[in-house]
Amino acid sequence: CDCKDYTIRTGSSMETFFDELQKIGNAEVWFHNLKFDFQFILSYMLEKGFKQVESNKYMKNFEFSSLVSVNETYSCDIKFKDNCILLLDSYKKLPFKVSKIAKDLKLDCQKGEIDYHKKRIEGAPLDPIDEDYIKRDVLIIAQAMNKVFFDKGYTKRTIGSDCLNFYKKTQPNFFKYFPKLSKEVIEDIQEAYAGGIVHTNKKKR
């Protein structure tokens with residue numbers, strides 16, 4: 001795979017991952033299916049003394065605030081000493097397997113293969129096959145997100161938000177019929193608002 005336009009760093013422990021997060025400045029970090037990865041991230045943060053808070057506003061060092069429902073993980077803000085990290089889920093933008101994304105978009109880099117049953121020692125250096133597998137996954141999602149969304153200005157956190165934002169731009173009278181609410185009104189109704197998930201009818205796929 002051609003990685004010349006991307007810098008891909010690999011590691012084999014949560015320690016190296018969190019060390020890297022503190023070096024990259026303020027950034028969005030995307031996971032393909034954050035729900036899976038977040039269970040390990042959350043466990044590590046709680047074990048290391050990070051404090052969970054309700055709001056991402058005015059967070060102190062080594063505090064975090066997550067947006068999680070019963071079945072979904074949307075995001076997590078993490079405050080370090082010198083930077084803030086926002087974890088997001090690329091599956092909310094591209095709800096497909098990595099292999100399908102690579103094939104459907106006809107990317108030069110395709111999904112690799114590894115032995116999922118191979119015994120691996122935590123913290124040990126990655127062998128070349130495992131490292132290549134990880135780099136392929138990272139590169140495929142990075143290229144796909146840029147090609148389908150970011151290069152076209154679709155920068156919202158979910159594909160639903162991208163669609164709504166695009167629709168608003170095509171409707172000059174949108175805010176005439178759906179006026180912006182005041183801060184006071186939003187605060188009054190926010191606790192009752194849970195949002196929703198949109199799925200395509202299987203018959204229409």
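Helices here are DSSP runs of H or I with at least four residues, numbered from the N terminus. Keep that in mind as you click around, and remember that this is a predicted model.

Start by colouring by confidence. The protein averages a pLDDT of 92, and 97% of the residues score at least 70. Strand β5 has the highest confidence, at 98, while α7 has the lowest, at a mean of 86.

Next, select β5 (84-89) together with α1 (14-21), β1 (27-31), α2 (34-47) and β4 (73-79): each of these supplies at least two residues of the largest nonpolar core. That core has 16 residues. Which of them have the most contacts inside it? Show F18, M45, I78 and L87 as sticks, since those are the ones. Then highlight α2, which gives the core its largest share, five residues.

Now centre on L87. Setting aside neighbours within four places in sequence, L87 is in contact with V29, F31, L34, I41, Y74, S75, C76 and I78.

Hide that lot and go to a second, separate core, this one of 13 residues. Pick out I8, I101, L107 and A144, which are among its members.

Last stop: the surface. Select L181, V185, I186 and I189, and you have a nonpolar patch with about 310 Å² of accessible area together. Zoom in on V185, which sits in helix α7 (residues 183-189). Why does V185 count as partly exposed? Its relative accessible area is 35%, and partly exposed covers the range between the 20% cut-off for buried and the 50% cut-off for exposed.

Notes
Residues numbered from 1 in each chain as written. Predicted model: local features only at pLDDT ≥ 70, side-chain atom pairs only at ≥ 80, totals over all residues. Heavy atoms only, no water. Patch = residues over 30% accessible without salt bridge, like charges linked within 9 Å, V, L, I, M, F, W, Y side chains within 5 Å. Areas by Shrake-Rupley, 256 points an atom, 1.4 Å probe, with all protein chains shown as cover. Salt bridge = Lys/Arg side-chain N within 4 Å of Asp/Glu carboxyl O. Buried < 20%, exposed > 50% of the residue type's maximum accessible area, 1.4 Å probe, protein only. Core = buried A, V, L, I, M, F, W, Y, C linked by side-chain atoms within 4.5 Å. Contact = heavy atoms within 4.5 Å. pLDDT = per-residue confidence, 0-100.
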